[in-house]
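Got the viewer open? Here is a short walk through the model, one selection at a time.

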Amino acid sequence: VGFAYYAHTTPPPADAWLPVLDYPASRLPPQVKRAGKYAVIPCGNTADARAPKGKHLNPIIKHLKDNGLTPVFLGKRDLLGDGKKTTNFPDDIHYSEGLDLRDQTSVKDAAVILQHSQVVVGLDCGLLHLAALMQSTRIIFGYNITTVAHREPKRDHGRTINLALFADGAYRRGA
C-alpha cells in the first residue's frame with residue numbers, strides 16, 4: 001500500500017490516519033526502566049542510501065546525554081526471522097554511549113520502548129513508522145531520499161518534527 005502511495009498510483013484517502021497503540025510503562029524491559037529518562041535512536045538500515053551516519057548521530061547522542069537522557073539504540077539484523085542479514089548497523093555510531101539493545105527486542109518490546117521515550121530521533125526507517133503509531137511519542141523524523149510528503153506518517157496524536165537532509169548537508173524543517 002505504501003508503495004502505491006509513493007508511486008502515486010493510488011493516493012492515500014484524505015481521512016486515512018494511523019491507528020493508535022498504547023502500552024503501559026509497566027511493560028518496559030528492566031534495563032530500560034533502570035535507564036531513567038531516555039531517547040530512542042533507531043540505527044539500522046536496509047539500504048546504504050538510508051544509512052544513518054555517525055557524523056550526524058554522534059553529536060545528537062552527545063546532546064541527549066548532556067541533557068540527562070540515555071540514548072537507547074534499537075534495530076534488528078534479521079527482520080524476517082529467516083536467518084538472512086537484512087539490516088545493517090553503521091560502525092561509526094557511538095553505541096557504547098548509551099543502552100545498546102540492537103538485536104535484543106521483539107517488535108512489541110520495541111513499541112513499548114518507543115512509546116515511553118522522551119523522544120525518538122532517526123532517519124526514515126520502520127521503527128520511526130512504528131513510533132508514529134504510539135499514543136504520545138515525540139519523533140524527530142529525518143528524510144534523505146525522498147520528500148517528506150511521500151513518507152510522512154499521517155497521525156493525529158503525538159508530535160512529529162520532520163527534517164529533510166539535503167545533498168549539500170543542510171537540514172530543512174518540514175521540507
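Start by selecting cysteine 43. Its relative accessibility is 0%, so cysteine 43 counts as buried. Keep in mind as you look around that this is a predicted model.

Now show the sulfur of cysteine 43 and look for a partner. Which cysteine sulfur is closest to that of cysteine 43? The one in cysteine 125, at 8.7 Å. A disulfide needs the two sulfur atoms within 2.5 Å, so 8.7 Å is too far for a bond between cysteine 43 and cysteine 125.

Hop over to cysteine 125 and check from that side. Is cysteine 125 buried or exposed? Cysteine 125 counts as buried, because its relative accessibility is 9% and the cut-off for buried is under 20%. Looking back from here, the closest cysteine sulfur to that of cysteine 125 is the one in cysteine 43. If you color by disulfide, expect nothing to light up: the structure holds 0 disulfides.

Next, pick asparagine 45. You'll find asparagine 45 in the loop between β1 (38–42) and α3 (54–66). Despite the loop address, asparagine 45 is buried, with a relative accessible area of 5%. To see what surrounds this side of the loop, turn on the contacts. Setting aside residues up to four places away in sequence, asparagine 45 touches Arg50, Ala51 and Pro52, plus the run Thr86, Thr87, Asn88, Phe89 and Pro90. Put those on as sticks and you have the neighborhood of asparagine 45.

From that loop, move along to helix α3, where histidine 56 sits. How accessible is histidine 56? At 25% relative accessibility, histidine 56 counts as partly exposed, since that class lies between the 20% cut-off for buried and the 50% cut-off for exposed. While histidine 56 is selected, draw a C-alpha to C-alpha distance to glycine 122: these two are 66 residues apart in sequence and 9.9 Å apart in space.

Finally, zoom out and color by secondary structure. The protein chain has 6 helices and 7 strands. Trace from the N terminus and the elements run α-α-β-α-β-β-α-β-α-β-α-β-β. Sequence-distant pairs show up across the chain too: of the contacts with a separation of 6 or more, 57% are between residues 24 or more positions apart.

Last selection: the surface. The accessible surface of the protein chain comes to about 9600 Å², and 55% of that belongs to carbon and sulfur atoms. As for what lies beneath, 39% of the 175 residues count as buried, with cysteine 43, asparagine 45 and cysteine 125 among the buried residues you've visited.

Notes: Residues numbered from 1 in each chain as written. Predicted model: local features only at pLDDT ≥ 70, side-chain atom pairs only at ≥ 80, totals over all residues. Heavy atoms only, no water. Helix = DSSP H or I, 4+ residues; strand = E, 2+ residues; numbered from the N terminus. Buried < 20%, exposed > 50% of the residue type's maximum accessible area, 1.4 Å probe, protein only. Contact = heavy atoms within 4.5 Å. Areas by Shrake-Rupley, 256 points an atom, 1.4 Å probe, with all protein chains shown as cover.
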